[in-house]
Amino acid sequence: MAYNWYPGHMKKAYRAMEEDLKVIDLLIELLDARAPYSTRNPDIDTLGRGKARLILLNKADLADKSMTEEWLNYFKKKSLTVMKLDARSSKDIRPLQAAVEEACKEKRERDRKRGIINRPVRAMVVGIPNVGKSTLINSYAKRAATKTGNKPGVTKGKQWIRLGQGLELLDTPGILWGRIEDEEAGFRLALLGSMNDEILNRQELCIRFIRLMQESHLEALRRAYDITGEMGPLEALNSAALKRNALKKGGLPDTDKAVGFILDDFRSGRLGAITLDRAAEA
Ligand code: G4P
């Protein structure tokens, strides 16, 4: 199956974002901590040229902790400011302010040398679907002092969330696509729910996920669904269905239901903290 779908409405959203980017000083790039390679837009360095940059590894609560540390080091080695995050958690917002300041340090210094004082840094959140962009903006907005009106050069109707310490955040995120040209990365994006499930063959996706888990996290599969390393795809789905008592009329295991709850279980972390991308392979 090819996972390289890129719908027309995203192309439109992309062009709108390019407009917004013209007035942005700081690009806040949101990645999924479980797949920082696959969820990273391949053109992001071009988009972010000349801007201050901050990378956030979001959903860190769902990711393998030691692998997240490896990813943090990976980005630090590239001289990028990076932090891990749970965008839903209010306690992560304060350290986020510090990371934002760190990312803007050079820009503020440049402004100061040019005699520009008190000019706020304008920031924008960008990322692929489902990485937590809206969640982050909402968490931020709750702390915001005021919302400001339209700014020249920015699409009408957009608002800026004014934060302390001279920072303004655009209230609409930029929507990007992940590394869809890479088949394995595309599979991981589908698994994370960053592609529209309706266009995917969910059963095929789930079977591929089970195979991956049989190689790397067999214990989690055994615990949740009594799936062993020797089971073939159908046997594994039957086992999961029986374990959860998902039965069709006549008492046969309902494998469609099993596909649904297995993907759900992974996405919501019920199978444990699982990271799909390795920093060493990026
Ligand atoms: P988007 O704007 O980038 O498309 O993503 P959005 O904020 O809508 O978040 C997608 C889903 O991810 C939401 O769950 C949201 O709650 C969840 N989420 C965001 N950040 C984090 C995080 O750091 N950790 C975890 N565990 N989840 C996170 P949902 O089930 O689709 O919606 P909801 O029912 O939670 O509102």
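Colleague: Which residues line the largest cavity?
Modeller: This is a predicted model, where local features need pLDDT of at least 70, side-chain atom pairs count only at pLDDT 80 or more, and totals for chains, interfaces and linings use all residues. Residues are numbered from 1 along each chain as its sequence is written, and side-chain values use heavy atoms, with hydrogens and water left out. A cavity is a set of points on a 1 Å grid over the protein atoms alone where a 1.4 Å probe fits but cannot get out; lining residues have an atom within 4 Å of a point. The lining is Glu29, Leu30, Leu31, Thr39, Arg40, Asn41, Ile44, Gly127, Ile128 and Leu176.

Colleague: Where do domain 1 and domain 2 lie in the protein?
Modeller: Domain bounds come from an automatic or database domain assignment. That assignment gives domain 1 as 8–171 and domain 2 as 201–281.

Colleague: What area is buried between domain 1 and domain 2?
Modeller: Buried area is the accessible area (1.4 Å probe) that two parts lose on being put together, summed over both. Carbon and sulfur atoms give 52% of the area here. The total is about 1,000 Å².

Colleague: Which three residues supply 53% of the area that domain 1 buries against domain 2?
Modeller: No other three residues supply more. They are Arg34, Leu62 and Met67.

Colleague: How many salt bridges are there between domain 1 and domain 2?
Modeller: A salt bridge needs a side-chain nitrogen of Lys or Arg within 4 Å of a carboxyl oxygen of Asp or Glu. Between domain 1 and domain 2, the count is zero.

Terms used
1 Å grid on protein atoms, 1.4 Å probe; cavity = no way out; pocket = protein on both sides within 12 Å on 5 of 7 lines; lining within 4 Å.
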